[in-house]
Amino acid sequence: MKAKIITYSIAHKSVSIRSKLNRELNGYKDVSHNGRYKYKRKGILDCILYLKPARNTIVTPVEPAKMVLEVLKEHGAKIDTIDIEIERSKFKK
């Protein structure tokens, strides 16, 4: 299966932008009404096949990679990509 290795850097951005990007990619737990209600807000990585071999590195099939790259570009991340071939069984959902 064709895939992409996506590496990105957001160290040059503010803490609030890094936090927004992290929440959009990985999701977060939302608490309301003084802890009475708890929600799991899904991120992009909750909906696609991916591997996360290292910090700021995502390996994903070509089609979902487009969504990830779009989000990274919106937040002004410095991005590098490499095209690879990988077995589908290596990915987790």
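## A helix, its partner and a pocket

Helix H1 gives the most to the lining of the largest pocket, with five residues. That makes H1 a good place to begin a tour of this predicted model.

**The pocket**

About 190 Å³ of space lies in this largest pocket. Which residues line the largest pocket? They are Tyr8, Ser9, Ile10, Ala11, Arg18, Leu21, Asn22, Leu25, Asn26, Lys52, Arg55 and Asn56. Strand S1, covering 2-9, and H1 each supply at least two residues of that lining. The table below sorts two sets of residues by class, with the pocket lining in its top row.

| Set of residues | Nonpolar | Polar | Charged |
|---|---|---|---|
| Lining of the largest pocket | five residues | four residues | three residues |
| Contact of H1 with H2 | five residues | no residues | two residues |

**The two helices**

Now to the second row and the helix that H1 meets. H1 is made of residues 15-26 and H2 of residues 62-74; their axes come within 10 Å and cross at roughly 165 degrees. Angles over 145 degrees count as roughly antiparallel, and H1 and H2 are therefore roughly antiparallel to each other. The crossing in which H1 passes H2 is right-handed.

Where do the two helices touch? On the H1 side, the residues are Leu21, Glu24 and Leu25, and they meet Val68, Val71, Leu72 and Glu74 of H2. Leu21 and Leu25 appear in this helix contact and also in the lining of the largest pocket.

**The whole protein**

Stepping back, the secondary structure comes to two helices and six strands. Following the sequence from its start, you meet these elements in the pattern β-α-β-β-β-β-α-β. The C-alpha trace spans about 50 × 30 × 20 Å along its principal axes.

Key. Residues are numbered from 1 along each chain as its sequence is written. This is a predicted model: local features need pLDDT of at least 70, side-chain atom pairs count only at pLDDT 80 or more; totals for chains, interfaces and linings use all residues. Side-chain values use heavy atoms; hydrogens and water are left out. Axes are lines fitted to C-alpha atoms, for helices over the stretch in contact, and angles run from 0 to 180 degrees between N-to-C directions. Helices (H or I, at least four residues) and strands (E, at least two) are DSSP runs, numbered from the N terminus. Angles under 35 degrees count as roughly parallel, over 145 as roughly antiparallel, 65 to 115 as roughly perpendicular and the rest as oblique. A crossing is left-handed if the near helix is turned anticlockwise from the far one by less than a right angle, and right-handed if clockwise. Contact means heavy atoms within 4.5 Å. Ala, Val, Leu, Ile, Met, Phe, Trp, Tyr, Cys and Pro count as nonpolar, Asp, Glu, Lys and Arg as charged, and the others, Gly among them, as polar. On a 1 Å grid over the protein atoms alone, a cavity is a set of points where a 1.4 Å probe fits but cannot get out, and a pocket is an open set with protein on both sides within 12 Å along at least five of seven lines; lining residues have an atom within 4 Å of a point. Grid points are joined across faces, edges and corners, and a volume is the space filled by probe spheres set on the points.
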